[in-house]
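Biologist: I have not seen this one before. Can you walk me through it?
Modeller: Yes, have a look at it first.

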2 protein chains.
Amino acid sequence: MDDAVGPRHDEPIPDATVARLPVYLRGLVELSDDGVATVSSVVLASLAGVNAANVRKDLSYLHAHGTRGVGYDVDHLIGEISLALGGGVPSPVVIIGVGNLGRALSRYDGFLAGGFPVAGLVDVDPAVVGRKVAGNLVRSVEDLDDLVVETGCTIGIVATPAAAAQAAVDSLVASGVTSILNFAPTVVTVPDRVDLRQVDLATELQILGYHQHYRAVEERSDRATG
Amino acid sequence: MDDAVGPRHDEPIPDATVARLPVYLRGLVELSDDGVATVSSVVLASLAGVNAANVRKDLSYLHAHGTRGVGYDVDHLIGEISLALGGGVPSPVVIIGVGNLGRALSRYDGFLAGGFPVAGLVDVDPAVVGRKVAGNLVRSVEDLDDLVVETGCTIGIVATPAAAAQAAVDSLVASGVTSILNFAPTVVTVPDRVDLRQVDLATELQILGYHQHYRAVEERSDRATG
DNA sequence: AGGCGCTTGTGCACCATTTCACATGGTATC
DNA sequence: GATACCATGTGAAATGGTGCACAAGCGCCT
């Protein structure tokens with residue numbers, strides 16, 4: 001554990017930690033903008049809405065060590081987290097499906113700010129191919145391979161209707177994309193080597209609906225049983 | 001477990017299960033549309049992309065029991081899951097923030113189909129207040145209370161810029177909304193009685209970025225060490 | 001130089017969730 | 001009616017994550 005055995009193959013960071021790193025990063029950037037130089041785990045925890053011990057454990061997976069009695073160096077931490085989350089190199093993304101959601105996503109500033117510029121838009125509908133959306137020309141799915149190669153983009157965002165999602169994913173995979181963010185409300189499958197995340201808007205509401213319903217049922221029951 | 005002890009106060013369903021129920025529901029509706037009457041846990045699991053034992057355990061939390069040797073009744077299961085996820089009653093939602101994302105969300109069919117009709121749109125910008133978006137009049141934040149009361153909606157969707165998100169959340173809470181879905185890329189706080197979910201688009205990409213980077217680093221390391 | 005106060009880093013126990021494996025109990029067939 | 005087959009429902013182990021509590025370490029102040 002402490003011997004120098006050559007190039008150290010960083011161990012993987014737990015998924016739960018990875019999911020929190022972007023939240024820490026946002027808080028840290030804000031602190032840095034405000035001229036704050038160091039931050040304690042307690043402060044960072046409150047900014048991120050998590051437990052302080054959790055923050056410390058999360059940061060211990062990075063090679064970013066803090067200083068006891070002082071805290072963590074804000075700028076250094078920003079560097080370390082950025083490095084872990086993609087090496088600090090911007091990764092262009094391609095959006096497939098230029099409907100309501102696709103258009104909104106292509107205009108979303110947060111992607112660019114987060115280091116994910118939109119490299120191109122793609123759709124199957126001839127009516128939108130050739131148009132410009134948010135400064136990007138919409139290209140045909142046949143051009144996807146070229147687009148991916150030209151721009152070197154490795155991340156695809158699927159914003160098609162559910163019925164077209166699997167085909168869109170297959171096209172992306174065939175083009176060499178290795179990470180996919182799927183907004184279509186359907187389960188899609190990818191080869192093992194491809195990383196897939198699902199964002200399902202309707203599902204999120206249904207989850208809220210459950211809790212709301214449960215609260216209501218419980219309340220009724222409380223009133224009945226006293 | 002079998003004695004009649006009066007009005008049974010259903011026990012809460014684990015969060016992880018609740019998050020999967022909508023996925024099961026989608027698969028089941030598809031099966032029902034195809035005229036399939038019963039489904040086994042194995043088939044449903046493959047439709048939802050999870051383990052079969054997990055499906056069975058999840059369904060055991062509902063009062064939907066299957067038939068050994070046969071499987072689950074598709075339509076009955078649809079009813080039970082719908083009931084758990086909000087009682088089968090449509091819950092109108094209000095969207096606050098009518099920018100790119102807010103407009104896309106207000107046009108998103110999946111909400112209506114999932115039982116979450118858009119009851120109204122709200123924004124602080126006088127330039128958009130009074131306009132119609134997707135058939136809905138955009139109203140001022142000052143009208144939020146009235147809107148919530150009139151439509152009886154209990155779910156709010158925050159689609160404002162990050163800087164305005166906490167204020168938007170506070171307004172929603174003050175109006176009596178008890179469930180909030182926040183798309184703004186910032187941590188917001190709510191009282192205990194309010195349920196909050198966060199959907200962060202840039203964060204999702206950053207998580208993908210981590211895995212991609214990690215794969216790349218590991219590969220380089222593999223090549224180096226043989 | 002020494003002591004004090006503050007904050008990190010982490011062992012450990014707890015909790016939630018997943019998965020396996022199998023007993024249980026139905027259905028269909030002969 | 002008995003038997004073979006099949007899928008459910010669940011105990012129990014394994015896994016992954018969280019949070020407490022405290023030892024260790026660092027800087028500041030005297």
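Modeller: On the surface near DNA strand D, α1 (15–33) and α3 of chain A and α3 of chain B each supply at least two residues. Helices here are DSSP runs (H or I, at least four residues; strands are E, at least two), numbered from the N terminus. A residue is near a strand if one of its heavy atoms lies within 4 Å of it.

Biologist: What kind of model is this, and how are things numbered?
Modeller: This is a predicted model, where local features need pLDDT of at least 70, side-chain atom pairs count only at pLDDT 80 or more, and totals for chains, interfaces and linings use all residues. Residues are numbered from 1 along each chain as its sequence is written, chains are lettered from A and ligands numbered from 1 in the order in which they are written, and side-chain values use heavy atoms, with hydrogens and water left out.

Biologist: Back to strand D. Which element gives the largest share of the surface near DNA strand D?
Modeller: That is α3(A), with four residues.

Biologist: How many residues surround DNA strand D, and which are the closest?
Modeller: There are 26, and the closest are A:Lys57, A:Arg68, B:Ser41, B:Gly66 and B:Tyr72.

Biologist: Any polar contacts there?
Modeller: The term covers a pair of N or O atoms within 3.5 Å; within protein, one must be able to donate a hydrogen and the other to accept it, and residues adjacent in sequence count only if both atoms are side-chain atoms. The side chain of B:Ser41 has an N or O atom 2.6 Å from a phosphate oxygen of DNA strand D. A phosphate oxygen of this strand is also 3.4 Å from a polar side-chain atom of A:Asn54. For B:Lys57, a polar side-chain atom lies 3.0 Å from a base nitrogen of DNA strand D.

Biologist: And strand C? Which residues are closest to it?
Modeller: The closest to DNA strand C are A:Ser41, A:Arg56, A:Tyr72, B:Arg20 and B:Arg68, out of 26 that surround the strand. Of the strand C atoms within 4 Å of the protein, 66% belong to sugar or phosphate and the rest to bases.

Biologist: Which part of A:Gly66 is 2.9 Å from a phosphate oxygen of DNA strand C, backbone or side chain?
Modeller: A backbone N or O atom. The side chain of A:Lys57 places an N or O atom 3.3 Å from a base oxygen of strand C, and that of A:Arg68 has one 3.0 Å from a sugar or linking oxygen.

Biologist: New topic. How is chain A divided?
Modeller: Into domain 1 (15–84) and domain 2 (93–203), with bounds from an automatic or database domain assignment. Their C-alpha centres lie 31 Å apart.

Biologist: How many residues of chain B are in contact with chain A?
Modeller: 69 residues of chain B contact 69 of chain A, where contact means heavy atoms within 4.5 Å. The two chains bury about 6000 Å² between them, 63% of it on carbon and sulfur atoms. Buried area is the accessible area (1.4 Å probe) that two parts lose on being put together, summed over both. In chain B, the residues losing the most area to chain A are B:Leu205, B:Leu208 and B:Tyr210, together 12% of what that side buries.

Biologist: How many salt bridges are found across the interface?
Modeller: Four, by the rule: a side-chain nitrogen of Lys or Arg within 4 Å of a carboxyl oxygen of Asp or Glu. A:Asp200 forms a salt bridge with B:Arg26, with the closest N and O atoms 2.4 Å apart. On the side of chain B that touches chain A, helix α9 (residues 201–225) gives the largest share, 20 residues.
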